[in-house]
Amino acid sequence: IVFDKKDFSKQEVFKYDNTIATGEGLWVNGTIYLPNLGKKTSEYTEIEQSSELLTFDTKTKTFSSVTLEHPSPSTLHALKDQKLLLIEHQNGMFSPISFTIYNTQTGQESYHRLDELNPRPYYIDHIRQLDGNRLLLILAGKALIYDWQAKKVLSQTILSEDYVSGVWVND
């Protein structure tokens, strides 16, 4: 749904295949990316796993999709570098946290698994890109600095707070 930003009146509605279950979308450089959680079965009792992101070009007003190398995209996170998306994968409660860093301009993908955090400590609460190769991740009472170029955790800190509601990084 497109709303007028002055009076919030509904302007246009764009529909896509209603058998596709999608997660929350993210607008990056004129394109809206939605994780395709899967296709509902004919009985609507299960969802078939997907490896796609549904995309909507806001200029041409058309839908298309991007097929990822790894399945189950679930949550999208914007990074400081505005051409990059971090795509969290949902691989089950007891699988290591995994994510793809996706370049929206080139289509290049970089897949990451945090095996040292297995069993899975819930979900990623917050992500901030610190610079060209380091991420700050907050999850399950821990703060991690992760080098996504070298694919390794540089440091871990146990947080004394029960819940972190936001993260700000001073540049």
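This passage describes the strands, nonpolar cores and aromatic pairs of a predicted model.

Strand β10 (84-89) is flanked by two partners. On one hand, β9 (residues 73-78) and β10 pair in the antiparallel sense over 5 bridges, and a hairpin of 5 residues connects β9 to β10. Within this pairing, L76 has I87 of β10 as its bridge partner. On the other hand, β10 and β11 run antiparallel and are joined by 6 bridges; in this pairing E88 stands opposite F99 of β11. The side chains of β10 are divided between two directions: L84, L86 and E88 point one way, and L85, I87 and H89 point the other way. Residues of both sets are buried. With 6 of its 6 residues buried, β10 is therefore largely enclosed by the rest of the structure.

The largest nonpolar core comprises 16 residues. Those with the most contacts inside this core are F99, I101, L135 and L137. Two or more residues are contributed by each of β10 (84-89), β11 (97-103), β14 (134-139) and β15 (142-147). A second core, separate from the largest one, has 9 residues, including V28, Y33, L85 and Y102. In soluble globular proteins, nonpolar side chains tend to be buried together.

The surroundings of F99 were examined with residues up to four places away in sequence left out. On this basis F99 touches L86, I87, E88 and H89, residues that belong to β10. Its further contacts are S110, Y111, H112, L114, I124, L135 and Y146. One of these, L135, is also among the residues with the most contacts inside the largest core.

Strands β14 and β15 also take part in an open sheet of 4 strands, ordered β13-β14-β15-β16 and paired antiparallel. The edges are occupied by β13 (126-129) and β16 (152-158). Each edge strand has a single partner, so one side of each is left without a neighbour in the sheet. On average, neighbouring strands of this sheet are turned by 15° against each other, with direction ignored. The antiparallel pairing of β15 with β16 extends over 6 bridges, and D147 stands opposite K152 of β16.

A search of the whole structure for aromatic pairs returned 4. One of them is formed by F56 and F63, with 4.7 Å centre to centre and 45° between the planes, a tilted arrangement. The two residues fall into separate accessibility classes: F56, at 7% relative accessibility, counts as buried, whereas F63, at 30%, counts as partly exposed. The pair of F99 and Y146 has ring centres 5.8 Å apart and planes at 75°, and is therefore edge-to-face. Because F99 lies in strand β11 and Y146 in strand β15, this pair ties together parts that are 47 residues apart in sequence. Both F99 and Y146 are buried. In addition, F56 and F63 belong to one aromatic cluster together with F14 and Y16.

Residue F99 thus recurs in several of these descriptions. F99 stands opposite E88 in the β10 and β11 pairing, ranks among the residues with the most contacts inside the largest core, and forms an edge-to-face pair with Y146.

Key. Residues numbered from 1 in each chain as written. Predicted model: local features only at pLDDT ≥ 70, side-chain atom pairs only at ≥ 80, totals over all residues. Heavy atoms only, no water. Core = buried A, V, L, I, M, F, W, Y, C linked by side-chain atoms within 4.5 Å. Buried < 20%, exposed > 50% of the residue type's maximum accessible area, 1.4 Å probe, protein only. Contact = heavy atoms within 4.5 Å. Pairing = 2+ DSSP bridges. Axes fitted to C-alpha atoms, helices over the stretch in contact; angles between N-to-C directions. Phe/Tyr/Trp six-rings, centres within 6.5 Å; stacked < 30°, edge-to-face > 60°.
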